[in-house]
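Please prepare a briefing on the structure below for a reader who has not met it before. Keep the points grouped by topic, and explain each term where it is used.

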Amino acid sequence: MQRSILLFLDGAINLILGVLLMMFPRQLVSALGIPAMQETFYPTILGAVLFGIGIALIVEIRSKGLGLGLIGAVAINICGGVVLASWLLFGDLSTSTQGNALLWVLVIILVGISVIELLSTLRKGVE
């Protein structure tokens, strides 16, 4: 099978799984017979990472070499950072002040490194 077809299939599967995990529909969990969780924090974070990987794979098809490099890392980190920040802002996490601080530091690191990587990539493209 051609590389681009495999990358597309892999990317599509990751995108679909990522969306499903980020939504974490309880009816689907019940229908599949998998263990339900009270907190959906970890499944949604995993979903964000899978979604980011899916984006990176699709970018790889289009750009012939940029998808899983720095741009891939940016896609994965931004997706994870945005969903984590959403949980911290809107979710009802039962974490201590110290836990919240640690999670915000992770958001800042993920988004910060992504901005630096993206600016570096854009600067190289301009030169």
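F41 counts as buried because its relative accessibility is 10%, where buried means under 20% relative accessible area, exposed means over 50% and partly exposed lies in between, with a 1.4 Å probe and protein chains only. This is a predicted model, in which local features need pLDDT of at least 70 and side-chain atom pairs count only at pLDDT 80 or more, while totals for chains, interfaces and linings use all residues. Residues are numbered from 1 along each chain as its sequence is written, and side-chain values use heavy atoms, with hydrogens and water left out.

**Aromatic pairs**

- The structure holds two aromatic pairs, a term for rings of Phe, Tyr and Trp (its six-membered ring) whose centres lie within 6.5 Å, with planes under 30 degrees apart counted as stacked, over 60 as edge-to-face and the rest as tilted.
- In one pair, the ring centres of F41 and Y42 are 4.9 Å apart and the planes stand at 75°, so this pair is edge-to-face.
- Y42 counts as exposed because its relative accessibility is 61%.
- F41 also forms an aromatic pair with W87, which is edge-to-face, with 5.8 Å from centre to centre and 80° between the planes.
- Because F41 lies in helix α3 (residues 41-63) and W87 in helix α4 (residues 70-90), the pair of F41 and W87 ties together parts that are 46 residues apart in sequence; helices here are DSSP runs of H or I with at least four residues, strands are runs of E with at least two, and both are numbered from the N terminus.
- W87 counts as buried, since its relative accessibility is 14%.
- Taken together, F41, Y42 and W87 form one aromatic cluster.

**The loops around α2**

- F24 lies in the loop between α1 and α2, the latter helix covering residues 26-32, and F24 counts as buried because its relative accessibility is 10%.
- The phi angle of F24 is near 40°, which is a positive value in a residue other than glycine.
- P25 is found in the loop between α1 and α2 as well, and with a relative accessible area of 22% P25 is partly exposed.
- Measured in places along the chain, P25 and E39 are 14 residues apart, and from C-alpha to C-alpha they are 12 Å apart in space.
- T40 belongs to the loop between α2 and α3, and T40 is buried, with a relative accessible area of 13%.
- When its neighbours within four places in sequence are left aside, T40 is in contact (heavy atoms within 4.5 Å) with F24, R26 and W87.

**Helix α1 and its surroundings**

- G18 has its place in helix α1 and counts as buried, because its relative accessibility is 0%.
- The C-alpha atoms of G18 and G47 are separated by 3.8 Å, although these residues are 29 apart along the chain.
- Apart from its neighbours within four places in sequence, G18 is in contact with G47, L50 and F51.
- L20 is also placed in helix α1, where it counts as partly exposed because its relative accessibility is 33%.
- L20 is one of the residues of a nonpolar patch on the surface, which also includes I5, F8 and M23 and has about 860 Å² of accessible area together.
- Helix α1 (residues 3-23) supplies the largest share of this patch, nine residues.

**The protein as a whole**

- The protein has five helices and zero strands, and read along the sequence these follow the pattern α-α-α-α-α.
- Taken along the principal axes, the C-alpha atoms fill a box of roughly 50 × 40 × 15 Å.
- Of the 127 residues in the protein, buried residues make up 29%.
- Among contacts between residues at least 6 apart in sequence, 65% join residues at least 24 apart.
- The average pLDDT (the predictor's confidence in each residue, from 0 to 100) is 83, and 91% of the residues score at least 70.
- Confidence is lowest in α2, at a mean of 76, and highest in α4, at 89.

Notes
Patch = residues over 30% accessible without salt bridge, like charges linked within 9 Å, V, L, I, M, F, W, Y side chains within 5 Å. Areas by Shrake-Rupley, 256 points an atom, 1.4 Å probe, with all protein chains shown as cover. Salt bridge = Lys/Arg side-chain N within 4 Å of Asp/Glu carboxyl O.
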